[in-house]
Amino acid sequence: MVSGVLLLDKPLGLSSNLALQQVRRLYSAAKAGHTGTLDPLATGLLPVCFGEATKFSHALLDADKTYQATIKLGVTTTTGDAEGEVTAQSPVAVSPQQMVAVLACFSGVIEQMPPMHSALKHQGRPLYAYARAGVAVERTARQVTVHDLHCDSFAGDLLGITVRVSKGTYIRVLADDIGAALGCGGYLLALRRTAIDGLRVDDAVTLEHLKNLDVGERDRLLAPCDSLLGEMPECILDEASAVRLQQGLNVPVPVQDGLVRLYAPQRRFLGLGVARAGTVAPKRLLAAGDGRGQMQELLEETARSRVE
């Protein structure tokens with residue numbers, strides 16, 4: 001009965017699913033999932049959810065994400081990254097002033113054409129399946145938001161950027177579009193995810209380090225389930241209201257309409273609720289209150305049961 005969130009620093013060359021399965025075996029977890037795929041060529045933050053935490057993993061799927069990316073200028077590929085075949089090469093004659101001006105055009109709300117090499121579905125099949133079969137599918141450009149974009153380094157044909165983007169943004173497409181705007185083309189050479197909402201890769205653990213820990217040390221790395229919910233408004237209930245809510249009943253609470261984090265006394269996390277017109281209805285609750293207030297007790301019980 002392992003519940004909680006592990007911040008994993010995914011290594012290069014490993015798919016998100018393979019990384020998840022390795023971590024799952026280390027924790028002997030019956031139920032596990034991650035909160036957003038990283039390609040094998042990408043590294044960085046991959047939150048892994050165990051047990052009851054999987055109920056709230058969707059919260060990070062819609063969250064803003066921050067990346068450090070390296071763009072190779074002067075070359076375009078079929079996939080927009082280093083895995084694709086080269087389709088064109090051009091000389092790079094870009095001044096720092098031109099670079100700043102072009103990057104400024106990619107801030108705010110922009111339109112992106114979803115790539116053929118992606119998991120988006122068309123008639124029930126992912127686009128990458130059509131791409132592998134040599135079939136081009138007509139796609140519609142989508143609006144995404146680039147909240148922040150700045151240049152970290154620019155030397156020769158290599159451009160390093162840090163970018164914070166909304167859900168659904170393809171950094172491969174951004175790299176390709178930046179290269180096109182510069183007039184020389186470009187593709188995504190390297191990518192590292194450094195943050196998802198309030199979670200940071202600086203707090204993550206590598207797979208190799210995790211393998212060298214004992215059961216108790218691994219369990220102490222787990223964050224509570226509500227760590228996935230960021231700055232979502234919270235609502236603290238008295239014991240009677242908490243019991244009613246866990247029975248599926250609405251309770252009167254003067255809180256702003258929308259999704260709220262729910263807590264019983266002593267900040268025992270209950271789950272998610274929906275506030276509307278002065279009442280809160282349960283939306284997704286823990287099977288048992290294993291939130292922040294009871295996390296250490298849960299980890300100790302988990303460790304004992306697995307050792308025995």
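Gln 246 touches Arg 268, Leu 270 and Leu 285, leaving out residues up to four places away in sequence. In this predicted model, Gln 246 belongs to helix H8, which covers residues 239-246. Its relative accessible area is 39%, so Gln 246 is partly exposed. One of its partners, Leu 270, lies 24 residues away along the chain, and the C-alpha atoms of Gln 246 and Leu 270 are separated by 8.0 Å.

Strand E18 spans residues 268-276, and the loop between strand E17 (258-264) and E18 holds Arg 267. Arg 267 has a phi near 55°, a positive value in a residue other than glycine. Most residues other than glycine have a negative phi. Arg 267 has a relative accessibility of 27% and therefore counts as partly exposed. Ala 277 sits in the loop between E18 and strand E19 (279-285). Ala 277 is not a glycine either, yet its phi is positive, at about 55°. With 69% relative accessibility, Ala 277 counts as exposed, because the cut-off for that class is over 50%.

Another glutamine, Gln 22, is found in helix H1, residues 16-27. Is Gln 22 buried or exposed? Gln 22 has a relative accessible area of 19% and is buried, since the limit for that class is under 20%. Leaving aside neighbours within four places in sequence, Gln 22 is in contact with Leu 14, Leu 207 and Lys 211. Leu 207 is 185 residues from Gln 22 along the chain, while their C-alpha atoms are separated by 8.3 Å.

The same question of burial can be put to the whole chain. Of the 308 residues in the protein chain, 48% are buried. The accessible surface of the chain comes to about 15,100 Å², and carbon and sulfur atoms account for 51% of that area. The secondary structure consists of 9 helices and 19 strands. Among contacts in the chain with a separation of 6 or more, 68% are between residues 24 or more positions apart.

In soluble globular proteins, nonpolar side chains tend to be buried together. Here the largest nonpolar core has 27 residues, and those with the most contacts inside it are Ile 161, Val 163, Ile 171, Ile 178 and Leu 182. At least two residues of this core come from each of strand E4 (65-73), helix H3 (96-104), strand E10 (142-155), strand E11 (158-165), helix H5 (171-182) and strand E12 (186-196). H5 gives the most to this core, with 5 residues. Val 163 shows how such contacts are distributed along the sequence: not counting residues up to four places away, Val 163 touches Lys 65, Thr 66, Tyr 67, Val 146, Asp 148, Leu 149, Ile 171 and Leu 174. A second, separate core has 19 residues, including Val 201, Cys 225, Leu 229 and Leu 272.

Two of the helices that supply the largest core, H3 and H5, also pack against each other. How do their axes cross? The axes of H3 and H5 come within 10 Å and cross at roughly 130°. That angle makes H3 oblique to H5, because it falls outside the ranges of over 145 for roughly antiparallel and 65 to 115 for roughly perpendicular. The crossing of H3 past H5 is right-handed. On the H3 side the contact is made by Gln 98, Met 99, Val 102 and Leu 103, and on the H5 side by Ile 178, Ala 181 and Leu 182. Ile 178 and Leu 182 are also among the residues with the most contacts inside the largest core.

Technical notes
Residues are numbered from 1 along each chain as its sequence is written. This is a predicted model: local features need pLDDT of at least 70, side-chain atom pairs count only at pLDDT 80 or more; totals for chains, interfaces and linings use all residues. Side-chain values use heavy atoms; hydrogens and water are left out. A nonpolar core is a set of buried Ala, Val, Leu, Ile, Met, Phe, Trp, Tyr and Cys residues joined through side-chain atoms within 4.5 Å. Buried means under 20% relative accessible area, exposed over 50%, partly exposed in between (1.4 Å probe, protein chains only). Helices (H or I, at least four residues) and strands (E, at least two) are DSSP runs, numbered from the N terminus. Contact means heavy atoms within 4.5 Å. Accessible areas come from the Shrake-Rupley method with a 1.4 Å probe; for residues, only the protein chains shown count as cover. Axes are lines fitted to C-alpha atoms, for helices over the stretch in contact, and angles run from 0 to 180 degrees between N-to-C directions. Angles under 35 degrees count as roughly parallel, over 145 as roughly antiparallel, 65 to 115 as roughly perpendicular and the rest as oblique. A crossing is left-handed if the near helix is turned anticlockwise from the far one by less than a right angle, and right-handed if clockwise.
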